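Reader: I'm new to this one and would like a close look at a single part of it. Could you start on the inside and then work outward from there?

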Amino acid sequence: MRTTGRGGMRGARTVDTDVVVVGSGAGGSVAALELAAAGLEVTVLEEGPRVDTARLAAAGPAENMRALYRHGGLIPVVGTPTFPYGEGRCVGGTTVVNGGLLWEPPPALLLRWADHSGIDGYRAADLAAHLRTVTDRLGVTVQRHGGGNRDSSLLTEGADRLGWRWKHARRAVRGCLHSNRCTTGCPSGVKQSMAVSYLPLAEARGATVRPDTRVLRVLHDGGAVRGVLAVDADGGRTVHRARAVFLAAGPLGTPALLQRSHIHRRLAGRELALHVNLRTVARFPEEVRAERGTLFTAQVQEFDDRGVLIMPSNVSRGSLAAAVAGRGPADTERLLADFGRLGVYTTQVRMAGTARVRATPGGGVLLRHGMTTGDHTALRDAFRATAKVLFAAGATDLLPPVSSAPPLRTPADADTFCDRVRPADWELVSVHGMASARMGAADRGGVCDTDGRPYGFTGLRICDASVLPGVTGISPQGTIMAFAHEIAARYAELSGRNHD
């Protein structure tokens, strides 16, 4: 990076580099590594802190939630019902606080995106080499049950009794130690987040990572992007001039930054695709001791064509208390007293309705969803399936994700609950957003072309979850990384020439 002094932009200093990458999660880290490996000078600007494995291990889960998540993982998505959205805000992004799941995008999904969005070059055959690279670099493996994860093996037993399909999880973990802290930062460093994998490799090739640095806006003249304006933790402002800017600030941050920069203000953030999660507490007649396992080792995929997946969750006394907080102290105490026989299960549901992202003063965002009648029907059907498989697994009673509902002790109870539940009753959470600045033909509502370039602008690429053409229905990290590899490769191929 070359410092060229101060001036303009209210006294901000100016530095020059080849490429600025905004964000260090799954997309930004891929771009940083691949462009640095191509011989380009790369600067990564990350809004959040850099937290190493020793610090993750020394801090408790609650402290890590506050440090590693944006707004502590409680960004409200306003609507009926209102629910929280969680995303990482640290070096490594959400990959530091997710389960390390690496599912490859189904070929049928990529084909459907190509047909519906009018894009080319992102079918299964096009992304296969990138997915092999991701798998090799991250050591993706099939996670077996092992000695722990009785909650996962119970789920598979229930699925087998019903003849339902399930799979062992594919995870980016090199020798999981079952610390049961996946979503608050792996304390052993074996989960291969971007903070311990791609980013160190990028730095070894000359990339610079600057944490605690928030990008205020992308600088351009109405068509040609020339860099970004950023502020550090002490309030110092810097203009990072670059030949190219790669936006990877996440499905909320990227469209908000585009709006603040007067780039496709009407389109960016207009349609944020979401998965929402239902959490169900199940009590079993036997000891489960779910806290002894890892995130999960099996996922029911019988209804994946409908966008519904069923899996266990990380279980701790703190997370259980949070899941049932609306039920009052007495109920919570009874559950904690029976903690060893409980499992908490997540049902992920793909929404048809989308949310809108709006940038607000001071760097915030406002999210408002438009869940459809069909989405509410999908939630009822998804919970009914969850109850069926958990009762088949031997559960004696279930607590549904509605605090006012009593325990359910039979499948008939679950059917009655599903008949009576109202849209506003559901207690949901979301951690997967995408397609908020999506790739697609301009006449089909796309913000970006097949190189990740927002239409009408040069020197700018988008390479995070925002650029995906639609909702994945699976954990999206593998898909995000494959798209980012392709976008970075297309740029790197031109790096020796005069390019935008």
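Of the 73 residues in the largest nonpolar core, which touch the most other members?

Author: Happy to. Keep in mind that this is a predicted model. The residues with the most contacts to other members of that 73-residue core are V19, L35, V42, L138, F246, L247 and F483. As for where the core's residues come from, helix α13, which spans residues 477-493, supplies the largest share, 9 residues. That kind of gathering fits a general habit: in soluble globular proteins, nonpolar side chains tend to be buried together.

Let's zoom in on L247, one of those well-connected core residues. If you skip its neighbours within four places in sequence, L247 is in contact with V22, V218, T254, L257, L258, L460, R461, I462, C463 and D464. So if you click on L247 in the viewer, look for the run from L460 to D464, because L460, R461, I462, C463 and D464 are on its contact list. There is also another core, lying apart from the largest one, with 58 residues. Among its members are V77, F83, W164 and A393.

Now for the charged side chains. Searching the whole structure turns up 25 salt bridges, and a few are worth a stop. R150 and E157 pair up through their side chains, at 2.8 Å from N to O. Both partners are partly exposed: R150 has a relative accessible area of 25%, and E157 has 27%.

Another pair is R283 with D338, where the closest N and O atoms are 2.7 Å apart. This one ties together distant parts of the chain, since R283 sits in strand β12 while D338 is in the loop between α10 (329-337) and β15 (342-350), 55 residues away. Is D338 buried or exposed? D338 is buried, because its relative accessible area is 15%, and the cut-off for buried is under 20%.

Compare that with D381 and R384, whose closest N and O atoms are 3.3 Å apart in their salt bridge. Here both residues lie in helix α11 (residues 373-392), 3 residues apart, or about one turn of the helix. D381 is partly exposed at 37% relative accessible area, and R384 is partly exposed at 26%. Elsewhere, salt bridges join up into a network that links D449, D451, R453, E486 and R490.

Just ahead of helix α11, you'll find G370 in the loop that runs from β17 (364-369) to α11. G370 counts as partly exposed, with 38% relative accessibility. Leaving out residues up to four places away in sequence, G370 touches G353 and T354. P329 is another matter: G370 and P329 are 41 residues apart in sequence, and their C-alpha atoms are 33 Å apart in space.

Next, some empty space. The second largest pocket holds about 380 Å³. Its lining is made of 18 residues, and the ones closest to its centre are E104, P106, Q301, D304 and I474. Two elements, α4 (107-117) and β7 (166-172), each give two or more residues to that lining. The top contributor is α4, with 3 residues. Sorted by class, the lining has 8 charged, 6 nonpolar and 4 polar residues.

Last, a few spots where the backbone does something less common. Most residues other than glycine have a negative phi, and most peptide bonds are trans. Against that background, have a look at T80 and P81, which are joined by a cis peptide bond with omega at about 0°. P81 belongs to the loop between β4 (75-78) and β5 (83-85).

On the other side of β4, H71 is in the loop that connects α3 (61-68) to β4. H71 isn't a glycine, yet its phi is positive, near 50°. H71 is exposed, with a relative accessible area of 58%. H264 also has a positive phi near 50° without being a glycine. You'll find H264 in the loop between α8 (250-260) and β12 (273-283), and that residue is partly exposed, at 22% relative accessible area. From there, following the chain into β12 brings you back to the strand that holds R283.

Note on methods
Residues are numbered from 1 along each chain as its sequence is written. This is a predicted model: local features need pLDDT of at least 70, side-chain atom pairs count only at pLDDT 80 or more; totals for chains, interfaces and linings use all residues. Side-chain values use heavy atoms; hydrogens and water are left out. Helices (H or I, at least four residues) and strands (E, at least two) are DSSP runs, numbered from the N terminus. Buried means under 20% relative accessible area, exposed over 50%, partly exposed in between (1.4 Å probe, protein chains only). A salt bridge is a side-chain nitrogen of Lys or Arg within 4 Å of a carboxyl oxygen of Asp or Glu. A nonpolar core is a set of buried Ala, Val, Leu, Ile, Met, Phe, Trp, Tyr and Cys residues joined through side-chain atoms within 4.5 Å. Contact means heavy atoms within 4.5 Å. On a 1 Å grid over the protein atoms alone, a cavity is a set of points where a 1.4 Å probe fits but cannot get out, and a pocket is an open set with protein on both sides within 12 Å along at least five of seven lines; lining residues have an atom within 4 Å of a point. Grid points are joined across faces, edges and corners, and a volume is the space filled by probe spheres set on the points. Ala, Val, Leu, Ile, Met, Phe, Trp, Tyr, Cys and Pro count as nonpolar, Asp, Glu, Lys and Arg as charged, and the others, Gly among them, as polar.
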